[in-house]
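Please read the following account alongside the sequence and the coordinates, moving from the strands to the interior and then to the metal site.

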Amino acid sequence: MNTMLWNADFDQRVVVPPAAAADWQPSPEPGVHRHRLDRIGDEVARATSIVRYDAASRFARHTHGGGEEYLVLDGTFSDEHGDHPAGTYVRNPPGSSHAPFSRDGCTLFVKLWQFAERDDEPLRIDTTRAAWRPGLVPGLSVLPLHEFDGVSTALVRWAPDTHFNTHTHPGGEEILVLQGLFRDEHGEYPTGTWLRSPRSSRHTPFTGAEGALIYVKVGHLGARFLLPPSS
Ligand SMILES: [Fe+2]
Ligand SMILES: [Fe+2]
């Protein structure tokens, strides 16, 4: 079997810069484009992508065999359950299905086939209205999105000039920079950058004058979460 592998060595640190024009690949549907971040599998895949819907585009009805998680980055994504504007975070558990479309165009961050066993709870959060909590250091605020079986997903807002403690990620860490400029001792990550740091990686992140808003998932790069779809 000739399975597509893309950034599929989860023991490697990966930094993917914001999508350039050439990074967008066609999907099976006209007007729907994908920027691959990681992928194990072909059209059915354990995959992390940025997906762009042109105005008046749609995707065929499909079932999420392994679950679907998405965050709407801009525009409005729609399906038969309603309209999901920028800032909407959704988890469609394994077995769910929908026929999505966008009237005016939208961009999404999407993760497929990354649900833990028994995580069958649908979830929809309007992050533009949800309550933020203070983080561990001054200047940091956290909006928890989801927590299951040792995997945590959150939005984290960094005020300008916030410095976090040095820390280790036993189960790895994945970040999408949503706004501003995120930094650590390894580099600088402008809006749209995606980073995946392996198990036991360590860093000391901070922000400068720009501050940052990031999507963060930790704990999911342990071996039991990395199986490709069995279908
Ligand atoms: Fe879907
Ligand atoms: Fe971290």
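## From a hairpin to an iron site

Strands β8 and β9 make a hairpin in which two residues lie between them, where strands are DSSP runs of E with at least two residues, numbered from the N terminus. The model is a predicted one, in which local features need pLDDT of at least 70 and side-chain atom pairs count only at pLDDT 80 or more, while totals for chains, interfaces and linings use all residues. Residues are numbered from 1 along each chain as its sequence is written, chains are lettered from A and ligands numbered from 1 in the order in which they are written, and side-chain values use heavy atoms, with hydrogens and water left out.

Strand β8 (residues 68–79) is a convenient place to begin. With β9 (residues 82–85) it pairs in the antiparallel sense over four bridges, pairing being assigned if DSSP finds at least two bridges between two strands, and here S78 stands opposite D83. Strand β8 also pairs in the antiparallel sense with β10 (residues 88–92), over four bridges, with E69 opposite R91. A further antiparallel pairing joins β8 to β13 (residues 106–112) over seven bridges, and in that pairing L71 stands opposite F109.

F109 leads on to the interior, since with L155 and Y215 it touches the most other members of the largest nonpolar core, which has 17 residues. Such a core is a set of buried Ala, Val, Leu, Ile, Met, Phe, Trp, Tyr and Cys residues joined through side-chain atoms within 4.5 Å, and buried means under 20% relative accessible area, calculated with a 1.4 Å probe on protein chains only. Two or more residues are given to this core by each of β2 (14–16), β16 (140–148), β19 (173–184) and β23 (206–218). Another core, of 13 residues, lies apart from it and includes F164, I175, F182 and L195.

Leaving aside neighbours within four places in sequence, L155 is in contact (heavy atoms within 4.5 Å) with several residues, among them L71, T127, W132 and Y215. T127 itself sits in the loop between β14 (123–126) and β15 (133–134), and counts as buried because its relative accessibility is 10%. The side chain of T127 reaches the backbone oxygen of G87 at 2.6 Å.

In strand β19 lies V177, which is buried with a relative accessible area of 2%. V177 and P190 are 13 residues apart in sequence, yet their C-alpha atoms are 6.7 Å apart in space. Not counting residues up to four places away in sequence, V177 touches residues including F182, Y189, P190, L195 and L213.

What coordinates the iron ion (ligand 2)? The donors are H167 (NE2), H169 (NE2), E173 (OE) and H203 (NE2), at 2.1 to 2.4 Å, a donor being an N, O or S atom within 2.8 Å of the metal (3.2 Å for Na, K and Ca), and because water is not among the atoms, sites may look incomplete. Along the chain, these donors follow the spacing H-x1-H-x3-E-x29-H. H169 lies in strand β18 (residues 167–169) and H203 in strand β22 (residues 201–203), so the pair ties together parts that are 34 residues apart in sequence. Both H169 and H203 are buried. The angles among the four donor atoms are 87 to 139 degrees, and the site is irregular, given that four donors count as tetrahedral if all angles lie between 85 and 135 degrees, four count as square planar and six as octahedral if opposite donors are over 155 degrees apart and all others between 65 and 115, and anything else is irregular.

How values were computed: Buried < 20%, exposed > 50% of the residue type's maximum accessible area, 1.4 Å probe, protein only. Polar contact = N/O pair within 3.5 Å; in protein donor to acceptor, adjacent residues only side chain to side chain.
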